[in-house]
Amino acid sequence: MSTLISHLALGFSVAFTVPNLGLCFLGCLVGTLIGVLPGIGPIATITMLLPVTFGLPPVGALIMLAGIYYGAQYGGSTTAILVNIPGEVTSVVTTLDGHQMARRGRAGVALGIAALGSFFAGCVATLIIAALAVPLTRVALLFGPAEYAALMTAGLAFAVVLARGSILKSIAMVLLGLLLSTVGNDLETGAERMTFGVASLSDGFDFAVLAMGLFGFAEVMRNLSVEQARDVVHGAIGPLLPDAADLRQSAAPIVRGTLLGAILGILPGNGAVLGPFASYALEKKLARDPSRFGRGAIEGVAGPESANNAGAQTSFIPLLTLGIPPNAVMALMVGAMTIHGIVPGPLVMTRNPSLFWGVIASMWLGNLMLLVINLPLIGVWVRLLKVPYRLLFPAIVIVCCVGIYSVNNSPGDVLLTAFVALFGYAGTRLGFESAPLLLGFVLGRLLEENLRRALAISRGDLTVFVTRPVSAWLLLTGLIVLVVAVLPGIRARREEVFVE
Amino acid sequence: MRKVRVRAPQDLVAGASLVAVSLFAIWATAPLAGGRLGAPGPGFVPRVLAVLLGASGAGLCLLSLTRAGEPLGRWPLRGPLLIGLAVVAFALTIRVPGLVVAGPLAILVAGAASPETRWRELAIFSVAVTACCIGLFRTLLHLPIPVLVLPGWFTL
């Protein structure tokens, strides 16, 4: 306990410096902005801002990027409540009851409870990260290559289950992502793999190109091809602060949502997306009168909003302790860290304690700032939402172009991104999701490295993955998750959750 | 013999494209050494992945004959192609003559992707956004983006 406090004290002493406070605020502000704007998410934004962070000290860079990520969760809910369009994937469920509350003249209360719930979740998640970091790092040191490979496989299994649509298609996307990650020089022998003599491919397919193509431009293409009914709430937003009755109703859902989101967020394989869905389903089940849900039940906003924020923050745990990025945003963090010569993993905490605890402490400060950014400034965001999409999307296109060009100062990257985007668009039309592909790509190199190392150590004995207990348990978990998802009964329920 | 009916055209096309990608990858990794299980070579993992990918593609094709699913649906092309074209135009003009031209050009081409576009409004908007980009990325963030480059005459 006392070490926890001394760790946090170290963290706050780092985070409380003027430049770091400024970067944290900037990150939260940008995060809220892109969260509010539908059609551009944290993946595209962080890719775009990566070159900017090259000139910053590593702590500052990570503090800012982290702020963008959890700030986007706040901003996403604003759009969900006011426009009935999820600003981010994680705020899909918030559209159900949040927008209904807004239509009943309680937009302010919905926004207020979302912000308060998120703030509570952010505080708890910060403490959870701080408390779990040390023990998990110890566990990580016991991990050999077989365990790492098994953990990543289990994570990919989760990613498959959490993706929408056909399981088989998701598996195919994970495999395609893994396959793409093998392009480039082989790590052990240096042999060129599938580069076709293109020099820029020898370092591998650029992650920024893939992320920006699939999540920046392809997103714009998708949005243009569907008619979007924008339903901006007109009239007054109403009081922002929930009254005593609202608070009483929301307190328990906020606590439950926070815990659920925090636990699911730790799972490798983008568990953060699952949190809000699970929380919504739970609240509906626990409610005395489930029919209120979908008609503006405040619990349906409080729970999921807390869950998505908690999940966004605890998803830092696998990255900081095991060195495994659980989702695409965390993979970009890996990029930001390696540029500064920091290898993500269990050693970060001992070698760079001020970075580790500084980033964690900044999350708490960031949540405080987000409360200020979101509630008093709500008028600014509402005005922003009134910018028509016909102007918004060309602006997104040009900013993404400048961003992807700046990553390597290469027009070739921009060209390649255009093609990736067209492939991404075609994939969507065929019912393929981009998220599992990106996660497969992110984990591919690490997975291959550990797989080959484990096989080399065991001299080609495949049973090593099931005779080592930790590895066996991890693989079994992944397998159970997959089997359960394929079972007809559960599958129907899963679809139900996503349809809702 | 009963006539085979495709019950999920979208899945059939999806599966077939996966098989195509898989075959391509198997062909592309053919020169790489596979190694043994105890000493996996550079071609080992990619080839395993390609085969698994092909298998899932084949599975999708088979399922599309037995299980009803989505139709292939509409493929609106105007939007995606124009967005792609806008990005390509940006890539070709960013080095020479620079963002001053590449910015408005990309915005105007992208704007054609939406039927709601009002041209006069977009023209003014494109200049304003480009100015903002120069201010933000070049002046504020010091990124080395070519603003205006006229070879042998002028560079900014």
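Q: How does the radius of gyration of chain B stand against that of a compact globule of 156 residues?
A: In this predicted model, chain B has a radius of gyration of 25 Å, whereas a compact globule of 156 residues would be near 15 Å. The globule value comes from a rule of 2.2 Å times the number of residues to the power 0.38, so chain B, at 25 Å, does not match the globule value. Along the principal axes, the C-alpha atoms of chain B fill a box of roughly 70 × 45 × 25 Å.

Q: What makes up chain B in terms of domains?
A: Chain B splits into domain 1 (9-66) and domain 2 (78-155). Their C-alpha centres are 40 Å apart.

Q: Which elements does chain B contain, and how do they run from the N terminus on?
A: Chain B has five helices and two strands, in the order α-α-α-α-α-β-β from the N terminus on.

Q: What share of chain B is made up of buried residues, and what makes a residue count as buried?
A: A residue is buried if 20 or more other C-beta atoms lie within 10 Å of its own. In chain B, 37% of the 156 residues meet that cut-off.

Q: How many residues of each chain take part in the contact, and which residue class do those of chain A belong to?
A: Chain A gives 54 residues and chain B gives 59 residues. Helix α17(A) supplies the largest share of the chain A side, with 12 residues. By class, that side has 38 nonpolar, eight polar and eight charged residues.

Technical notes: Residues numbered from 1 in each chain as written. Chains lettered and ligands numbered in written order. Predicted model: local features only at pLDDT ≥ 70, side-chain atom pairs only at ≥ 80, totals over all residues. Contact = placed C-beta atoms within 7 Å. Helix = DSSP H or I, 4+ residues; strand = E, 2+ residues; numbered from the N terminus. Nonpolar A, V, L, I, M, F, W, Y, C, P; charged D, E, K, R; others polar. Domains from an automatic or database assignment. Buried ≥ 20, exposed ≤ 12 C-beta atoms within 10 Å, placed from the backbone.
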